[in-house]
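Let's take a walk through this one together, with the sequence and the 3D view open side by side. We'll begin at the ligand and work outwards.

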Amino acid sequence: MSERKKVTLPILFKKMNEGEPITWLTCYDYPTAYFQEEAGVDMILVGDSLGMTMLGYDSTLPVTMNDMIRHTQAVRRGAPNVFLIGDMPYMSYQPSDETAVLNAGRFMAEAACDAIKLEGGAEMAGRMRAISDAGILAFGHLGLTPQSASALGGFRLQGKGALQAKKILDDARALEAAGAVGILLELVPDRLCKLITERSQGTMIMSLGSGPDAHGQLLIYHDLFGLYPKFTPRMAKVYGNAGEVILNGLKQYVMEVNDKSFPEKQNYFGMKDEEYEDLLAMVQKEQGPF
Ligand code: KIV
């Protein structure tokens with residue numbers, strides 16, 4: 001395990017103020033968290049996208065707080081020093097301020113998170129304020145917000161037109177005023193992202209498919225390595241095809257077991273002749289010859 005210093009909010013703000021980009025990835029399990037920590041990733045989001053990437057649902061909507069807590073705990077064990085953000089799943093914050101604060105608190109108390117993230121703009125400013133007032137760091141999420149994908153017309157660019165772009169800008173302002181420490185802009189045009197970043201009053205603006213002019217970048221881990229079999233979004237960059245490596249390995253394993261070339265000598269253990277003789281003698285005494 002690396003001797004890395006804990007990534008804290010002041011460290012992230014220092015990077016931001018010095019124009020050094022912040023790196024952010026999703027992660028859902030212990031071994032991947034270990035690798036991300038080793039690679040020096042600043043922030044990890046345990047996204048409710050785990051509903052699709054890990055649990056095989058068609059959307060994020062069925063994901064529960066218990067699902068989120070279990071995966072976030074595993075990630076924290078693998079990456080003790082990253083800035084860890086728990087994603088509030090569907091209906092864990094929408095019903096009331098009290099529900100929102102209690103569930104945000106679960107991420108902090110049960111999974112050692114540094115912050116939480118919730119989706120929505122001005123309509124969620126009250127929830128953002130309640131969570132911040134409870135002393136919990138909170139990130140907003142604007143643009144394409146998967147929990148409302150059907151209301152937004154599917155997984156598509158948001159804020160293409162001036163009116164819709166202005167609404168996203170106003171939403172960012174509302175979240176900032178409500179105490180958001182950061183805002184993720186997912187799939188909005190690059191110039192809108194730049195404008196919001198330039199106008200931010202100290203809130204960390206992060207881009208997911210929204211261009212380079214933000215304080216940092218987020219990608220979905222599974223998209224980086226071809227690990228989500230259903231699709232790879234156009235905005236993702238594929239850094240290696242681990243999915244293909246795994247599939248080829250699995251096919252070879254099946255073939256080798258079938259043709260009996262696996263296992264080989266080094267894949268199993270023997271026992272001494274005299275021990276085996278004694279074993280046979282014991283078995284024969286008990287049951288008679290085979
Ligand atoms: O759940 C998630 O991974 C997210 C990303 C799409 C930003 O919220």
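How far is an oxygen atom of the ligand from an N or O atom in the side chain of K117? In this predicted model, the separation comes out at 3.0 Å. Keep K117 in view, and bring up two other side chains that make the same sort of approach. In S49, a side-chain N or O atom sits 2.5 Å from an oxygen atom of the ligand. For D87, the equivalent figure is 3.0 Å, again between a ligand oxygen and a side-chain N or O atom. As for how well the ligand is wrapped up, on its own it has 250 Å² of accessible area, and the protein covers 97% of that.

Now zoom out a little to the whole shell. There are 13 residues around the ligand, and S49, D87 and K117 are among the closest, along with D48 and L184. If you sort that shell by class, you get five nonpolar residues, four polar ones and four charged ones. So much for the immediate neighbours.

Where does all this sit in the protein? The space that the ligand takes up is the largest pocket. There's about 680 Å³ of space in there, and 30 residues make up the lining. To find the middle, look for L144, F155, E186, P233 and M235, which are the lining residues nearest the centre. Two elements worth colouring are α3, at 50-53, and β6, at 182-186, since each of them gives at least two residues to the lining. Going by class, this lining is made of 15 nonpolar, seven polar and eight charged residues.

Next, move over to the second largest pocket, which holds about 310 Å³ of space. Its lining has 19 residues, with G120, G121, E123, T145 and L152 nearest the centre. The elements that supply two or more of the lining residues are β5 (138-143) and α7 (162-177). Which element gives the most to this lining? That's α7, with four residues. The class breakdown here is five nonpolar, 10 polar and four charged residues.

Before you close the viewer, have a look at two spots in the backbone. One is the peptide bond joining F262 and P263, which is cis, with omega at about 5°. You'll find P263 in the loop that runs between α10 (242-258) and α11 (273-287). The other spot is A112, in the loop between α5 (97-111) and β4 (115-117). What is the phi of A112 near? It's near 55°, a positive value, and A112 isn't a glycine. While you're there, notice that β4 ends at 117, and K117 is the residue we started with, its side chain 3.0 Å from a ligand oxygen.

Technical notes: Residues are numbered from 1 along each chain as its sequence is written. This is a predicted model: local features need pLDDT of at least 70, side-chain atom pairs count only at pLDDT 80 or more; totals for chains, interfaces and linings use all residues. Side-chain values use heavy atoms; hydrogens and water are left out. A residue is near a molecule or strand if one of its heavy atoms lies within 4 Å of it. A polar contact is a pair of N or O atoms within 3.5 Å; within protein, one must be able to donate a hydrogen and the other to accept it, and residues adjacent in sequence count only if both atoms are side-chain atoms. Accessible areas come from the Shrake-Rupley method with a 1.4 Å probe; for residues, only the protein chains shown count as cover. On a 1 Å grid over the protein atoms alone, a cavity is a set of points where a 1.4 Å probe fits but cannot get out, and a pocket is an open set with protein on both sides within 12 Å along at least five of seven lines; lining residues have an atom within 4 Å of a point. A molecule sits in a cavity or pocket if more than half of its atoms lie within 2 Å of its grid points. Ala, Val, Leu, Ile, Met, Phe, Trp, Tyr, Cys and Pro count as nonpolar, Asp, Glu, Lys and Arg as charged, and the others, Gly among them, as polar. Grid points are joined across faces, edges and corners, and a volume is the space filled by probe spheres set on the points.
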